[in-house]
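Dear colleague,

Please find below the structure that I am handing over to you. My notes on what was found in it follow directly after.

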Amino acid sequence: MTAFSWLPPRVSKGPRARRFHAARLAAFLSAAALFSVLAGHSQDKPPAQAPAQNQPPAQAQAAAPAENKPAEYVGSDTCQGCHEDIFKAFEKNPHHLVETSKKYKFDTKACESCHGPGSKHAESMSAADIQNPAKLKPDQTDRICLKCHLNQPTHVGRINSSHAKNEVSCVACHSIHKNGPEGLVPRTMAATNQLCAGCHTDIWASFQQPFRHRLPEGAMSCVDCHNPHGSFLPRAMQTAFRGNEPGCLKCHGNLAGPFTFEHAPVRLDGCTACHMPHGSTNPRMLTRQQVRFVCLECHSNLPVPNPAPNSPLGGVPPAFHDIRSPRFQNCTLCHQKVHGSYVDRGLLR
Ligand code: HEC
Ligand code: HEC
Ligand code: HEC
Ligand code: HEC
Ligand code: HEC
Ligand code: HEC
Ligand code: HEC
Ligand code: HEC
Ligand code: HEC
Ligand code: HEC
């Protein structure tokens, strides 16, 4: 339980008038008693708490130092007394495993695995006395969740992800108490896209262009290309194959190579050297309206000296390429294997 020592100290709002509903009080007291038995507390504990219920406000001042005592765990049953709806719904939550399994060390007190020890709040009913992950600073929220989720493979890049750095916390995308198919985790492509589009409106707008992957139809989602939890690649790109190749190749595996004759930019600059990943007004989602302008960006037809070896720019097409002639304008008519060739250095076949 000392694992919570990193949590920020709670600032108490001080004593409050306490008007317990009789039933709730009973529920609380019995649960508190049960807890103290379970936790093996010394006998004098419950009596010490009991008078506190009847304290007039004036005496509460005197009890102030006692309020600085850190709150203690009281167990989920206590929470149920006042939060019946949430408690019931929680039985269908994946996190109910925390309640029933000893593995996570919060059995019978799962509520407090995220909300912190609740004895003070159960007594005061004050929001100030309970931790609400949605109201904490995002990095503090993340730490609560990562206590259990850090070693999951999809979370490796989380700490350095742009979402973490830009303070988009776990609970911005995961609503803990919203059970149901689209509650805790978006389960369909359409739901995922809707979640991402909610903040990335500009990118969603790109997908309304004529040439793009079929996200608006719900046939693919942002998560096919990006890991929402971050990754080792820039822009949180998903990885494929050996774990260091961009996720495009997960689906376009025929372009993965290794080719005998590579086209340098495919490997060095990546697919985005020539394609707009979020869609384009150009066929094949190319960066330019016509293929030749994509090529000529690097293979200048100006009579300049050939670039130095390993330059990102390609060589000048041989002189017989008469760019003014329509015959030579459609580069990929001849250079068909523009992503790499197994047989031809000139990428002709
Ligand atoms: C005796 C009744 C009572 C018990 C027991 C109780 N709560 Fe509450 N809880 C309340 C009330 C009343 C509020 C609303 C407080 C407010 O809005 O100021 C509340 C609010 C909350 C909130 C929202 C705080 C916020 O920032 O808005 C959380 C989280 C919470 N309770 C969790 C728990 C947990 C976890 C337990 C068990 C450890 C628990 N409660 C036990 C009465 C109780
Ligand atoms: C996995 C973490 C986690 C667990 C376990 C958990 N909660 Fe919460 N709880 C949250 C978060 C996060 C919020 C903030 C609202 C949200 O994002 O859903 C919240 C909000 C609340 C609120 C405020 C009301 C609201 O809907 O905003 C109450 C009350 C509450 N929880 C009670 C409980 C009780 C009772 C339990 C146990 C049955 C419990 N919580 C278990 C994470 C958790
Ligand atoms: C005490 C440990 C613990 C804490 C703290 C915790 N979780 Fe979980 N979480 C679990 C367990 C256990 C599961 C169920 C995993 C399973 O079913 O295999 C789970 C499941 C989930 C799932 C659903 C996974 C799925 O595929 O359905 C999400 C999303 C999730 N947690 C997010 C969060 C967030 C966000 C927080 C912080 C507010 C959080 N968790 C805090 C232990 C924890
Ligand atoms: C930008 C939105 C976003 C943020 C921030 C985010 N998640 Fe997720 N999370 C998702 C989406 C979307 C999925 C579903 C992934 C899929 O469909 O493959 C998911 C899936 C999960 C799962 C299910 C199993 C898995 O790993 O795929 C868990 C557990 C989880 N998230 C926990 C967390 C935790 C813990 C945090 C904070 C450290 C967090 N998430 C932050 C969007 C987010
Ligand atoms: C709560 C708002 C919010 C949601 C929801 C959200 N994002 Fe973000 N995202 C941001 C912010 C803020 C940034 C950082 C600024 C930027 O690059 O736009 C960001 C950045 C990114 C980046 C750039 C990462 C980098 O390293 O440059 C990617 C990729 C991304 N988000 C993908 C997603 C995906 C996929 C989803 C849905 C699963 C999603 N986002 C949901 C707010 C959000
Ligand atoms: C086909 C794969 C693919 C899909 C689907 C995809 N992205 Fe991207 N996204 C990329 C690539 C590749 C980059 C890197 C672009 C670059 O480096 O110039 C990127 C960059 C980004 C960035 C960073 C900066 C920017 O504005 O370019 C954000 C934010 C982002 N994507 C969000 C999203 C969201 C939100 C969705 C879903 C609506 C989405 N992406 C769908 C491949 C994809
Ligand atoms: C989840 C699988 C998937 C991923 C990941 C993926 N694609 Fe695609 N891509 C497709 C499918 C399916 C098509 C067929 C066209 C359609 O969806 O209508 C396609 C088509 C294309 C096209 C041709 C469009 C046309 O007009 O013929 C290009 C170019 C393309 N993808 C580039 C990329 C790039 C670049 C990436 C990575 C940033 C990527 N794809 C990631 C599935 C994927
Ligand atoms: C040097 C520029 C360039 C790069 C880099 C590039 N492409 Fe292409 N790609 C093209 C051109 C040009 C076409 C159109 C070919 C045509 O018109 O026949 C194309 C067509 C495609 C097509 C549709 C037709 C086909 O051949 O299947 C897909 C899918 C595709 N590219 C995916 C990718 C992926 C994935 C990557 C990254 C691994 C990538 N491209 C990198 C220039 C490029
Ligand atoms: C982002 C820059 C870039 C773009 C765009 C580009 N290339 Fe290249 N290309 C290169 C580089 C760099 C080389 C390698 C040059 C070298 O090794 O000397 C190369 C090599 C080639 C070669 C083989 C030449 C050789 O010396 O091995 C051909 C053929 C070629 N490109 C055709 C094209 C065509 C056709 C297009 C348009 C679809 C295109 N390139 C677009 C950068 C580019
Ligand atoms: C009519 C067919 C055809 C068209 C169209 C064509 N090329 Fe070529 N290209 C060739 C042939 C043949 C070679 C010589 C290949 C060799 O030497 O193996 C070549 C060579 C090249 C080379 C040098 C390759 C090397 O091995 O050094 C580059 C760069 C190049 N072309 C770029 C382009 C660009 C850019 C376009 C479009 C503006 C284009 N080509 C259009 C047929 C064509």
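**Findings**

Ser206 counts as partly exposed because 15 other C-beta atoms lie within 10 Å. This residue belongs to helix H14, which covers residues 201–206. Beyond four places in sequence, Ser206 is in contact with His278 and Gly279. Met276 stands 70 residues away from Ser206 in sequence, yet the C-alpha to C-alpha distance between the two is 9.5 Å.

**Confidence and overall make-up**

Please bear in mind that this is a predicted model. The protein chain has a mean pLDDT of 77, and 70% of its residues reach 70 or more. Where in the chain is confidence lowest, and where is it highest? The lowest value belongs to helix H2 (residues 45–54), with a mean of 38, and the highest to H8, at 97. Over residues 1–66 pLDDT stays under 50, and for this stretch the model has 44 contacts beyond four places in sequence.

The protein chain contains 19 helices and two strands. Of its 349 residues, 19% are buried. When contacts between residues at least 6 apart in sequence are considered, 54% of them join residues at least 24 apart.

**The surroundings of ligand 3**

There are 20 residues around ligand 3, and those that come nearest are Pro94, Ser113, Cys145, Cys148 and Cys170. Four helices each supply at least two residues of this shell: H7 (96–100), H8 (111–115), H10 (138–149) and H12 (170–173). Of the contributing elements, H10 gives the most, with five residues. By class, the shell around ligand 3 holds 15 nonpolar, four polar and one charged residues.

Why does ligand 3 lie between domain 1 and domain 2? Residues of its shell come from both domain 1 (25–35 + 72–131) and domain 2 (138–225), so the ligand is placed between them.

**The surroundings of ligand 1**

Ligand 1 also has 20 residues around it, of which Cys79, Cys82, Gly118, Ala122 and Asn132 come nearest. Two or more residues of this shell are given by each of helix H1 (22–38), helix H5 (76–82), H8 and helix H9 (119–124). The largest share, four residues, comes from H5. The shell around ligand 1 divides into nine nonpolar, eight polar and three charged residues.

**The largest nonpolar core**

Which residues make up the largest nonpolar core? It consists of five residues in all, namely Cys79, Val98, Phe106, Ala110 and Cys111. One of these, Cys79, is also among the residues that come nearest to ligand 1. Phe106, a further member of the core, is in contact with Val98, Glu112 and Ser113 once its neighbours within four places in sequence are left aside. Of these partners, Ser113 is among the residues that come nearest to ligand 3.

**Two residues with positive phi**

Most residues other than glycine have a negative phi. Met125 has a positive value, with phi near 60°. Met125 is found in the loop between H9 and H10, and it counts as partly exposed because it has 17 C-beta neighbours inside 10 Å.

Met285 likewise has a positive phi, near 55°. The loop that holds Met285 runs between helix H17 (264–268) and helix H18 (291–296). With 19 C-beta neighbours inside 10 Å, Met285 also counts as partly exposed; the cut-off for a buried residue is 20 or more.

**Two exposed residues**

Is Glu167 buried or exposed? Glu167 is exposed, because 12 other C-beta atoms lie within 10 Å and a residue with 12 or fewer is classed in that way. Glu167 has its place in the loop between helix H11 (162–165) and H12. Asp139 is 28 residues away from Glu167 in sequence, while their C-alpha atoms are 7.0 Å apart in space.

Leu348 is exposed as well, with 12 other C-beta atoms within 10 Å. Leu348 lies in the segment after helix H19 (331–334). Not counting residues up to four places away in sequence, Leu348 touches Cys334, His335 and Gln336. Cys334 is 14 residues away from Leu348 in sequence, with a C-alpha to C-alpha distance of 5.5 Å.

With kind regards

How values were computed: Residues numbered from 1 in each chain as written. Chains lettered and ligands numbered in written order. Predicted model: local features only at pLDDT ≥ 70, side-chain atom pairs only at ≥ 80, totals over all residues. Contact = placed C-beta atoms within 7 Å. Near = placed C-beta within 6 Å. Nonpolar A, V, L, I, M, F, W, Y, C, P; charged D, E, K, R; others polar. Domains from an automatic or database assignment. Core = buried A, V, L, I, M, F, W, Y, C linked by C-beta atoms within 7 Å. pLDDT = per-residue confidence, 0-100.
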